[in-house]
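Me: I have just opened this structure and would like to learn how to read it. Could you take me through it feature by feature?

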Amino acid sequence: MADNTNTRVPLERIRNIGIIAHIDAGKTTTSERILYFTGRTYKIGEVHEGAATMDWMAQEQERGITIVSAATTCFWKPHFEVHLENALYRFNIIDTPGHVDFTAEVERSLRVLDGGITVLDASEGVQSQSETVWRQADKYNIPRICFINKMDKLGADFFATIEDIRVKFGVTPAVMVLPMGAENDFRGVIQILEQKALFWKDSAADTEPEVKGIPEEYKARVAELRSQLIEQIAETDDELLQKFFDGKEIALNVLKTALRKAVIDYKLVPVYAGSSLKNTGVQPMLDAVVDYLPSPVDIDHITGINPKTQEEETRQLVTNEKFCALAFKIQTDPHVGKITYTRVYSGVLKAGSYTYNSSTKQKERVGRLLLMHANQREEIQEAKAGEIVAIVGLKNTRTGDTLCDEDSKIVLEGITFAEPVISLSIEPKTKSDQEKMGMALAKLSEEDPTFSIKSNPDTGQTIIGGMGELHLEIIVDRMKREFSVEANVGTPQVAYRETITKTAQAEGKYIKQSGGRGQYGHVFLRIEPKDRGTGYEFVNGIKGGTVPREFIKPTDKGVQESLERGFLAHFPMSDIKVTLYDGSYHDVDSSEIAFKMAGSLAMRHATLLAGMVLLEPIMKVEISTPDEYMGDVIGDLGSRRAQIQGTTTRGSVTIITALAPLAEMQGYVTILRSMTKGRASSVMLPSHYDIVPNSITEKLVAERKTGGR
């Protein structure tokens, strides 16, 4: 198999795909099999041995989890009787993390991909994080196929998982294979459209399946499933539907062409099955990537905004179009410095040339172009439309920035990330660590948009924020390993917020005379509550120039600075609309600083009248527990202010879903393990912010005022 990553193939034979799933569904194991079967690697790296190619970070190998998304390029020649040309296809693959703490890695990867493989655990079905990543992919309209993995695992249930896909994802699954057996008896799969049985031998790691006729005991079920599948495909195409009703035979290549269109139009989701660990069922799935997932040609064009006219513009996804690309990931490398992962949408980018960052309005020099294979690199001279490459040399480009030709500017839709829900204080152990820590944190926050750094004005402490305890633990560990910074770390704190419940208005007046020129700023503000999660909005409602234009922005700045500090318990404020509707100024004494102070004072007065409340992050919790511990688990959740949303049974396991405040769930994994003798598992995902009960608010306010943390 070809392994030269620099091999050029036509655009229609490129697939930019991501592997997405719940933690422990087998994404990285599946990625390793893909690399092996495509000839990209010559030895299978196992996650449980800490040797997976795509999990190259030391922390990933130690913990057996994926932390950062890894990109690679490999080539595949379809070989299970496909109607498409039997030629080499280029797969640009991104393996994403399953753990919710690293959701930014999934978000940024999905933004630049054309198709996805969703890996599901045959015994667990669709789990909570599977739903989260599915919704993230929905946001970017990414066509997907599903791979039901771990068919050899105890409790594997193919059709229960199919039903889960239908109900929880809200899509129409197209069953493409029928597994032969399950658990210890799993032997292979029957391809339903092609009517071929593929048997894998257990022993050799690199086995190609043996293709046989359908075993007698499966013939009736395959005929039934095939009829259903043809009907599903026909329903997406009027001409085929007529043929189907007329009882005419529809050719295999016609069915596959129609199914491809249906997948790209998000009408059907093909479902495959196998066991990645046992090297079973992976090759038919790779053929499905070729057959049904889109190439850049199928996507056709991308839409952006012309920064000059503010009007919508499109770029065709071809090489002879003007260059445009999206930077989706920043990585600091000890050997080459800052690496910017980029998806090239149109045109060509050459090493050593210049490009224009339309998001920051700056010209950038492209030093070198690299093709990445996890943490290995291959230097190339140019990057063309449809490719995912890494650029060395960009100094001021951040995640979500658009790169384009300076004479043909366009700004593509950026990437939105979740706000941190947990924080902790951090300080260097020694004086020599002080400077290094600042640099290390700056580089890590540049890489990770969900990681925040703030300074506490009261204590002077540095506060870092993230998506969970594991997220911050990895950050501190990376500081130590990659930047040689030793640090003392405080206990994790929940990221509370403040907001208002009523509309109020107030005046802010800042007047100072000190001989010579004075200070004069005077504003009237109206504040109103907004829906949860909608953030801050500032409206300039000044009529007749009572506040001159040059003092509007400083007023807004004063408001924002006061919101950052909060007024109830000094937590940041959110979900608030502020309207500047009146004020006055002095010809000589008015200044930007005076209006900034006036804006801050007006906010202080207005919030006193606006019914302030504290908000806390609420988590969606999913717990899988053996039936005998269900009562204990539910009782314990009740003591944590949790609301039970429902329970479902899957074999001898009960799955409990609940909404619980993050403040009550710290260290929960350890408690759950001891309560169930290590047999239960849990996953927590950020759900929303909600009002903190009064008794807890009073306690928190008192603690903050006395300096207790």
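Me: Let me begin with paired strands. In strand 8, which residue is the bridge partner of Pro-179?
Reply: When you read a pairing, look for the residue standing across from yours. This is a predicted model, and in it Pro-179 has Val-189 of strand 8 as its bridge partner. That pair belongs to strand 7 and strand 8 (residues 188-191), which pair in the antiparallel sense over four bridges.

Me: In what order do the strands of that open sheet come?
Reply: Read a sheet from one side to the other. Here the order is 7-8-9-10, four strands with antiparallel pairing. Strand 7 (177-180) and strand 10 (210-212) are at the edges with a single partner strand each, so one side of each has no neighbour in the sheet. On average, neighbouring strands of this sheet are turned by 25° against each other, direction ignored.

Me: There is another open sheet, with mixed pairing. What is its strand order?
Reply: Follow the neighbours again, rather than the numbering. The four strands are arranged 31-32-34-33, and the pairing is mixed. The edges are strand 31 (504-512) and strand 33 (536-540); each has a single partner strand, so one side of each lacks a neighbour in the sheet. The average turn between neighbouring strands of this sheet is 25°, direction ignored.

Me: How many bridges join strand 33 to strand 34?
Reply: Five bridges join them, and strand 33 and strand 34 (residues 576-584) run parallel. For one pair to look at, find Val-539, whose bridge partner in strand 34 is Thr-579.

Me: Which strands does helix 13 lie across?
Reply: To place a helix on a sheet, ask what it crosses and at what angle. Helix 13 (residues 552-565) lies across strand 32 (519-529), strand 33 and strand 34, and it runs at about 155° to strand 33. Helix 14 (residues 592-608) lies across strand 31, strand 32 and strand 34, at about 40° to strand 32.

Me: Now to burial. How many residues of strand 11 are buried?
Reply: With a strand, check each face in turn. Five of the five residues of strand 11 are buried. Val-269, Val-271 and Ala-273 are on one side, Pro-270 and Tyr-272 are on the other, and both faces are covered.

Me: Which strands pair with strand 11?
Reply: Strand 5 (residues 144-149) runs parallel to strand 11 and is joined to it by three bridges. Strand 6 (residues 173-175) also pairs with strand 11 in the parallel sense, over three bridges. Across from Tyr-272 you will find Phe-147, and across from Val-271 is Val-175.

Me: Which residues touch the most other members of the largest nonpolar core?
Reply: A good way into a core is through its best-connected members. This core has 73 residues, and those touching the most others are Ile-34, Phe-91, Ile-117, Ile-148, Ile-165 and Ile-233. Helix 9 (residues 282-292) gives the largest share, seven residues. A second, separate core has 41 residues, including Ile-422, Ala-440, Tyr-668 and Val-692.

Me: What is Ile-148 in contact with, beyond its neighbours within four places in sequence?
Reply: Among its contacts are Ile-165, Val-271, Tyr-272 and Ala-273. Those last three are also among the buried residues of strand 11.

Me: Is helix 1 mostly covered or exposed?
Reply: Helix 1 (residues 27-37) is mostly covered, with 11 of its 11 residues buried. Among them are Lys-27, Glu-32 and Arg-33. After the helix comes Gly-39, which has a positive phi, near 80°.

Me: Is Arg-343 buried or exposed?
Reply: The cut-off for buried is under 20% relative accessible area. Arg-343 has a value of 0%, so it counts as buried. You will find Arg-343 in strand 15 (residues 337-346). Its side chain reaches the backbone oxygen of Val-112 at 2.7 Å, and its contacts beyond four places in sequence include Asn-16, Asp-114 and Glu-387.

Me: Where is confidence lowest, and where is it highest?
Reply: Where pLDDT is low, the predicted coordinates should not be read in detail. The protein averages 85, and 89% of the residues score at least 70. Helix 2 (residues 58-63) has the lowest mean, 47, and strand 11 (residues 269-273) has the highest, 97. The score stays under 50 over residues 1-5, and likewise over residues 63-68.

How values were computed
Residues are numbered from 1 along each chain as its sequence is written. Side-chain values use heavy atoms; hydrogens and water are left out. pLDDT is the predictor's confidence in each residue, from 0 to 100. Helices (H or I, at least four residues) and strands (E, at least two) are DSSP runs, numbered from the N terminus. Contact means heavy atoms within 4.5 Å. Buried means under 20% relative accessible area, exposed over 50%, partly exposed in between (1.4 Å probe, protein chains only). A polar contact is a pair of N or O atoms within 3.5 Å; within protein, one must be able to donate a hydrogen and the other to accept it, and residues adjacent in sequence count only if both atoms are side-chain atoms. Two strands pair if DSSP finds at least two bridges between them. Axes are lines fitted to C-alpha atoms, for helices over the stretch in contact, and angles run from 0 to 180 degrees between N-to-C directions. A nonpolar core is a set of buried Ala, Val, Leu, Ile, Met, Phe, Trp, Tyr and Cys residues joined through side-chain atoms within 4.5 Å.
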